[in-house]
Amino acid sequence: MNARKILQPFYRKEYAKAIAKKIHKLAKELKQTGLDEIKIMHVCGTHEHTITYYGIRYQLPEMINLIAGPGCPVCVVPAREIDEAIKLSEDGIEILTYGDMYKVPGTSKSLAKAKTEGAKVGIVYGFLDAINIALKNPNNKYVFFAVGFETTAPTVASHVVKGTIPENLSLLVSYRITVPIVKYVFARKKHNLKGVIAPGHVSAITGSLAWKFIEEKHGIPVVVAGFEPLDVLYAIYKILESLKKGTPQLINEYSRVVKPEGNLIAKRYIAEAFDTVDGAWRGIGIIPKSAWILKDKFRQLDARKVYDIKIPKSVDTRPGCLCAEVVLGEAIPTDCPLFMTACTPENPYGPCMVSSEGTCSIWARYGGREPLKK
Amino acid sequence: MKYEKIFLAHGTGGRETEELIKNLIIPGFTIKNVPNGVGLTQLDDSGAIPVGDSEYIITSIDSYTVDPIFFPGGNIGTLAASGSINDVAVMGAKPIAVMDSIVVEEGFPIQDLKRIIASMNEVFEYEHVAVLGGDFKVMPKGKLDKIIITTNVIGTINKNRKPILDSGIKPSDKIIISGTIAEHGATILALQSGIEALSEGLMSDCQPITKAMEVAMNTTTVHAAKDPTRGGLAQALNEFAEKSNLMIKIYEEEIPIREEVKALVEMLGVDPLFLASEGRVILAVSEEDAEKTVKQLRKNGFPEAAIIGEAVAEKPGFVVIETLSGGLRVINRPFGEIVPRIC
């Protein structure tokens, strides 16, 4: 309960205002050099939460366009893989998963809906909960729906490698990797990005050096940032400063957590448990080398190999939903005609409105700057 | 109506509750007011009936259902007694009498009922509110979750005063809160999440707000008052903004909130502005009298009373907050199941 006290300085309004002032000054100077827009992308749902919750867009000069990129792991799990989980749960195998995943619709329904129709679904806070549930009920069969980015994969990988997963628990693995999707965002050339705020938690695993390609290949600054409002403001300031100097740099602002090389133990477990393969991203398509699957030697843990899961053709995107565009930062929630009309937190239509890390859900809950512009 | 069935979210006091009331309940009744009174259409905290030349009878009814029924700081009885007293008090009335209705599930322990009645009595005795009568019923086991208590409190407004309505706020008015926020909501949320509320230093703030109202009314003309219960500060301020047709701007750093509550909401990812208080009142008073009112409140038993914001003429209907980082955010009405069954 003392964590808040430690973080107190990160909420100091006078610091935040001072940095915001510096940002305004630098932006003005950059404008004089002929720059009209500074588009900065972040790639983490928690960053979007901080930015929207603290109204940071409102604090920035008009010319800074802060956009949310692919930062919601639950939003990008293809409908097909959710359908697989639903099928298993309807066949009497209990699916254990995170609360966010529970509510995301597959082709026609979510695990939550399937549960109301009698399917077996349980919510867990982490993989350890799943192991404990399986150990306590040795006669039941469980499947852990393993979704997430680099942050959640190492825990599961360590148990896979150490052989500590009970026999009645297998894994439906749907992990996705952030670096390849950010590379894909650049390859699409839809954005004229002037800077990137790299995800703090993911970088704790991958290391800050994972983002070096942004500086080297694309010639723009990238700042690994933490999640308090001051972290984000400081990251923006450093990006502007780097632009001003004309020397793009990789900066690790979150050095209290992130090392250049990352968490080597976690990376080793991942490498030992999983193969890196091409992966489907919901509504986006196949991204090379962007997913992890269990290595063949762990096939006895792979729910797709243990059970014969037959599902009809799946559909990722419901008509009119702009979730894929929102995930790629090519649309903002208010661009979508369904946002807060046919798609609301009470009655979500697309995955970005479901997960607490989804941009649409965050904007729906916390309004953001858009309503104040009208 | 966009729903075919009632969901739990319809009962949390947020957006869905309001939709249901506006679309189904209000149009469902024909006579909604007595001449010159306050009635269903105004959706204020209580109804008002003018008696004689310039006196009013104020009346409010609420059903209380909370899980768990006993919690640090009180129980369902404290809640049922204080809650309806508060709805009458925020209209500027003095509560004088109550009628109650208690429905319990078959098998409910007599000892628990005794404790609940004692808690209700403690509040009524302290507030000099007479229990005129009531109703008691039992439902078969499994047909009700333990107990529901309904209370109807009646109060009076003396000559030369009018009921205080949410619509009474004026531009440049200051918004004052009588104490720290979200304590009842946080306590119940902790208990429902399997967290030992008491050992985490959490306790419901459940209590009558009559004293705070009295202090404020003796100091200044209160333009509007409300107890931020279900839906918390977010819901109460949105009602202020909508009914007064003004924008309410508040400052995050000015909102009194205990560290224990902050720690809990951060851990659970819940917005404290959405969590209920059951013993706090928010007041709108003139700019000139605001400091004086806070000073009087602090002197008279409300040490955490604070000015948290103001009413502004631009952007009517909006509630915005200047955040801890100096940014600005719109505060929407809460929606969905924030905390099921807290009051």
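This is a short tour of a predicted model, stop by stop, with something to select at each one.

**Stop 1: chain A as a whole**

Start by showing chain A alone, coloured by secondary structure. You will find 18 helices and eleven strands there. The radius of gyration of chain A is 21 Å, close to the 21 Å that the globule rule gives for 374 residues, so chain A is as compact as a globular protein of that length. If you draw a box around its C-alpha atoms along the principal axes, the box comes to roughly 70 × 45 × 45 Å. Buried residues make up 52% of the 374 in chain A. Now think about the contacts in chain A between residues at least 6 apart in sequence: 76% of them join residues at least 24 apart.

**Stop 2: two helices of chain A**

Next, select residues 13-32 and 229-245 of chain A, which are α2 and α13. How far apart are the axes of α2(A) and α13(A), and at what angle do they pack? The axes are 9 Å apart and the angle is about 25°. An angle under 35 degrees counts as roughly parallel, and therefore α2(A) and α13(A) are described that way. The crossing of the two is left-handed.

Turn on the side chains to see who meets whom. On the α2(A) side, the residues include Ile19(A), Ile23(A), Leu26(A) and Leu30(A). On the α13(A) side, they include Leu233(A), Tyr237(A), Leu240(A) and Lys244(A). Sorted by class, the residues of this contact are 16 nonpolar, no polar and four charged.

**Stop 3: where chain A touches chain B**

Bring chain B back into view and keep α2(A) selected. Across the two chains, 23 residues of chain A are in contact with 20 residues of chain B. Four helices of chain A, namely α2, α4 (56-59), α13 and α18 (370-373), each supply at least two residues of the side that touches chain B. Which helix gives the largest share of that side? The answer is α2(A), with four residues. By class, the side of chain A facing this contact holds 14 nonpolar, five polar and four charged residues.

**Stop 4: Ser325(B), a loop residue in touch with chain A**

Stay with both chains and select Ser325(B), in the loop between β13 (319-322) and β14 (328-330) of chain B. Is Ser325(B) buried or exposed? Ser325(B) has 29 other C-beta atoms within 10 Å, so it is buried. Leaving aside neighbours within four places in sequence, Ser325(B) is in contact with several residues of chain A, among them Lys13(A), Ala16(A), Tyr54(A) and Pro229(A). For a distance to try in the viewer, pick the C-alpha atoms of Ser325(B) and Ala311(B): they are 14 residues apart along the chain and separated by 21 Å.

**Stop 5: two helices of chain B**

Hide chain A and select α4 (residues 183-192) and α7 (residues 259-268) of chain B. Their axes come within 10 Å and cross at roughly 50°, which makes α4(B) oblique to α7(B). Here the crossing is left-handed. In α4(B), Glu183(B), Ala186(B), Leu189(B) and Ala190(B) are the residues that meet Val261(B), Leu264(B), Val265(B) and Leu268(B) in α7(B). This contact has seven nonpolar residues, no polar and one charged.

**Stop 6: Cys323(A)**

Finish back in chain A at Cys323(A), which belongs to helix α16 (residues 323-327). With 30 other C-beta atoms within 10 Å, Cys323(A) is buried. Beyond its neighbours within four places in sequence, its contacts include Cys75(A), Gly283(A) and Cys352(A).

Definitions and conventions:
Residues numbered from 1 in each chain as written. Chains lettered and ligands numbered in written order. Predicted model: local features only at pLDDT ≥ 70, side-chain atom pairs only at ≥ 80, totals over all residues. Contact = placed C-beta atoms within 7 Å. Nonpolar A, V, L, I, M, F, W, Y, C, P; charged D, E, K, R; others polar. Rg over C-alpha atoms; globule rule 2.2 N^0.38 Å. Buried ≥ 20, exposed ≤ 12 C-beta atoms within 10 Å, placed from the backbone. Axes fitted to C-alpha atoms, helices over the stretch in contact; angles between N-to-C directions. Parallel < 35°, antiparallel > 145°, perpendicular 65-115°, else oblique. Left-handed = near helix turned anticlockwise from the far one by under 90°.
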